[in-house]
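Got a minute to get to know a protein model? Here's a quick, friendly briefing to read with the structure open beside you.

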Amino acid sequence: MATMREVEMLESRLSIEDFIKMQSLFQSCNGSGDPVPMQREEFIDQFYSIIGHGSREEYEHLFDSVDVSREGSVDWHHLASYLLLGLSEKQEQATMSAVPCWCPPRLLRAPHRGQIQSMVDLGTGRYLSVSKEGMMAVWAENLTLLKSHKLHNDSVKPRDLWVTGMVVLANVHKLAVSFTSKEICFYDLLSKQEFSCQYKIHSLHHTPICLHYWYHPERPGHAVLSFGDTAGQVSAMCFRSAVISLFERPSAGVEQNAALNISWSELQQNQHQCCYTVTHSAHASHWVRSVRYLGTLEAFVSCSGSAQSSMVLAWRETEAHPLRITAFHTKKGIMDLDYHPGLNLIATAGLNNHVCLWNPYLVSKPVGILQGHVTSVVAVQFILGKKQLISFSKDKVLRVWDVSTHRCVQHVAGLFPKAQECTMLLFFHEERSHLFLSFNSTLFFLERQKEDRKRVMSHKSAITCVLYNSLFRQVISSDANSSVKIWLIDTGQKVKHFPCCHGDSEITTMALDATKTRLFTAGTDGAIKVWDFNGHCHHRLNACRDLPVEISQILVLKRTVLVFGWDRVISVFRMNSFSRFFVQPSEWKGGVQHRKQILCAAFHPPQTLVTGGSDGEIIVWNNSTENAICKLYKNTQQQDCKFSSDNTLPSTPSTKQPTANSSEKDSENYIVTRLAFLEGQKRVAITGGADLVSCGASGIVCFWNTVNARLVGKFVAHEGSNSIIMTVDGSSCYLVTADMSGGLKVWDIQKYCLQPSESVINQAPEMLSSLHPHVDCITHLEICVHSGRLFLLSASADCSLALSFLPGGTIGTFGQEVHWNLVGITKAFVRREQEVSTEVTTESGTETDLQETQPGQSSQHAERSEGNTHTEEEKDYTLQHNTLDDDTTGQRSRRIHRALMQQNKSIQLQNVNGVCDTTIGVFSKLRVEELASLGELSKPDFIINPHLYFGKMWDSSSPTPPPLPVTGENLKAPFDEKSLFPKEVLEQVDKPRRYMQKVTMIRNYGRAIRSMGKAKDSTSGVHNAK
């Protein structure tokens, strides 16, 4: 984790004018105008003195890079070729590292009842999908359903029809479909009759389950249809003149419109001159999962679930010779494969959670292993134009990889339904950037957004986590490229960059300890590392016994470190074992209580721990004893908090749990993505109010009472969103939710679900603002207190890290070219709030009487606004929120906030050196900034030498000005204090005055009594002396 210093190369800093100067230098060497070569010393002296933009050492390096043959001289042709080659490589690298941004997924209303077996492109802007019962759906380019058609096969009854695969024969406009009846039917796409069957290959030895078609781009008549079956055989029909006819049709005895039935044995016996067949059985008896014919290599590649013959390459030499077999071996087998002809690489989706890249000529081991998936990979597909690879795993996680660096540039999870077991299919159309994913009979569609070249990127890959370090007043962010960056919150400037913290593994989450001096990072390699902010790694926590897993959250407590994400049990590390570098986990005393893996957790001191699972189950624990207390369910009002003797939580018969038979819509509602305690509401929980908030799928936010183990309230924060995340500020006043499209919503929850009710509250709290600072899925949220104000940090998969005011107003993106000045922006924001507050107070003067007779609802926004103007830290900020409770002030603050939101729904404040662009009213184009400091002003001469200008007037004595008129008595009557101020205010002002008068009177009376007593004593003493 060494700090990387980014140094831009010399040729990248040169402009077009500099290149023109370079060309002129070569032409002016001999004076003839023809370009001539330059020697090394002459090149360095001329370019350094005339071009500039660098040091002599950089020009020496540039000359040595161009003069690869070490001739001692270079000319303009060699220099221009080197510069063009470098720029093209840089552009290619930028294209390859570009992260795709996906629009929110759309659920297509498909007519399929069974699982979708195949999805193909018809080549005319339309798509075709088919399910196992033979139902075909034709989709337009805008993904509207054009028509549906049910396939028929004379060999079987309609109820016994089962489609296993489909492929398009684009050069002959036909469609090949395979069935479990051991048949392959060819349908004509240009026929007047819908999907009329022309040929039927029957009597296959085994059931074909995967198909692939290839034709020569220059000789379309040469084509190959390959298929794999359930017995491990790979067969192919090689066509010699596919454009003329696939098979020979008899001259008589068969109607022209009727389907031609052809036996597989006829083809094997070469009875059709149009084609011949080839077969191999290298996969033994294992099902062939995928098959491809590689035209550039003239070889068949196929895969299976067998460890001995995971992938087989069958080289095709001549028609007479059999196929030459080359076998590749993996540990657990392969589910899918794809081939990149430009890179000559084969990508495989392994059952061992790995995506492997193979050279077809290297059998011993893969040339690259892409690690990051935690379950079996079910599908892979290359993006040929960008040299990227898409992979999809069994746990419904989509990853995009950079093939050149073997790193994951994007990680997409939580968008798809959480069904128990389903058949998944992936199809990506590169030209239109359309991605299709099917889960049984459900079809999802994702479209890639158009790239915005002006968009600011804080990281080069998707950002996974963001933290705020209040000790150093810095922001910490991590990405899928295993790098950590540190930013200044006051300016948005990057100060440190730590690359390759976990090698090539993605960093999934981070956490800070209580001292804010140690950073915990978790990677998909299953390790947790403890760093200081100088880049030194102090400890390595082995969370999953050296197995790659995806860790979703780390909780750093006083005596333990708790880790969650991949298992049903909590992984715990005791602080007393941190004396060694390698730290092993201890046993969690509470054992296994969750039925699914734990995704998130929250802790409330002194000992309350809450965990949430992927099935919607929430369990409350005692962290001291590590025993479970109770379970929380969305659709139950009350749960029994007691335990049986075996320390297992009791089952609830009335509670509906997601099962394998549940619908996908129901099952996706159960996942819990975030948990947060409402600080300061423990007393509220005792009376029946909510003290815990959770969120997850379907955009739903739930409020819980952990004392009584019941659901208090819930509402839909993001309508139509598959999954959301959230965060709560320290005073439990703001709730911030984020969806998969880059949108944010801020909710006012200070008075929400405080009182118990017989039924669940379904009414949503007041929404204060709605922002959209990102264009892709928001992965993490963090609320921080900086200089007495609340700020929101949001990280996204679009590689941007944004800073916003709370409750609303985006400030900027970390890493942007123009840095902001947070102090100036805050002052401008407060000044604008005060201006709007004055306007609202003036406009609401007529409502004073109504407010006195009808008490309004209490609000906390004004209290927060006043509290934010103080320059105090988090404790003082929380104290202000807990002590202020004024209904009138709250109503006035609500009007102020509404006026601000009406004038500017999405505040974009960018401040540079004190400059702040305002977006209010008719002055939206003006800049609000501090006045420039003026230099020393020179006095005019008539002030320095007045006697030269005023003459005798200056020498004479100055006239006495007339006395000012006495207007006090005249103004006192119409403008006295009683007419200017209310009676209550005057009484409050007079109270200290009257009090001081009374105190003074009592003091004077006391002094008089004491003086009289002294005088009496002195008189009596004199009499005694006499």
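What follows is a short look at two sheets and one loop residue in this predicted model.

**The four-strand sheet**
- One open sheet has four strands in the order β52-β53-β54-β55, and their pairing is antiparallel.
- At its edges sit β52 (725-728) and β55 (766-771), each of which pairs on one side only.
- Going from one strand to the next, the twist averages 20°.
- Let's zoom in on one pair: β52 and β53 (residues 734-738) run antiparallel and are joined by four bridges.
- If you want a spot to click on, try Thr727, whose bridge partner in β53 is Val736.

**The three-strand sheet**
- Another open sheet is built from three strands, ordered β40-β41-β42, again with antiparallel pairing.
- Here the edge strands are β40 (553-556) and β42 (571-574), and each pairs on one side only.
- Ignoring direction, neighbouring strands in this sheet are turned by 15° against each other on average.
- Strand β41 (residues 560-564) runs antiparallel to β42, and four bridges join the two.
- Look across from Thr560 and you'll find Arg574 in β42.

**A loop residue: Val156**
- You'll find Val156 in the loop that links β7 (145-150) and β8 (163-169).
- Is Val156 buried or exposed? Its relative accessibility is 24%, so Val156 counts as partly exposed, a label used for values between 20% and 50%.
- Not counting neighbours within four places in sequence, Val156 is in contact with Leu161 and Ser181.
- Val156 and Phe179 are 23 residues apart along the chain, and 9.9 Å separates their C-alpha atoms.

Note on methods
Residues numbered from 1 in each chain as written. Predicted model: local features only at pLDDT ≥ 70, side-chain atom pairs only at ≥ 80, totals over all residues. Heavy atoms only, no water. Pairing = 2+ DSSP bridges. Axes fitted to C-alpha atoms, helices over the stretch in contact; angles between N-to-C directions. Buried < 20%, exposed > 50% of the residue type's maximum accessible area, 1.4 Å probe, protein only. Contact = heavy atoms within 4.5 Å.
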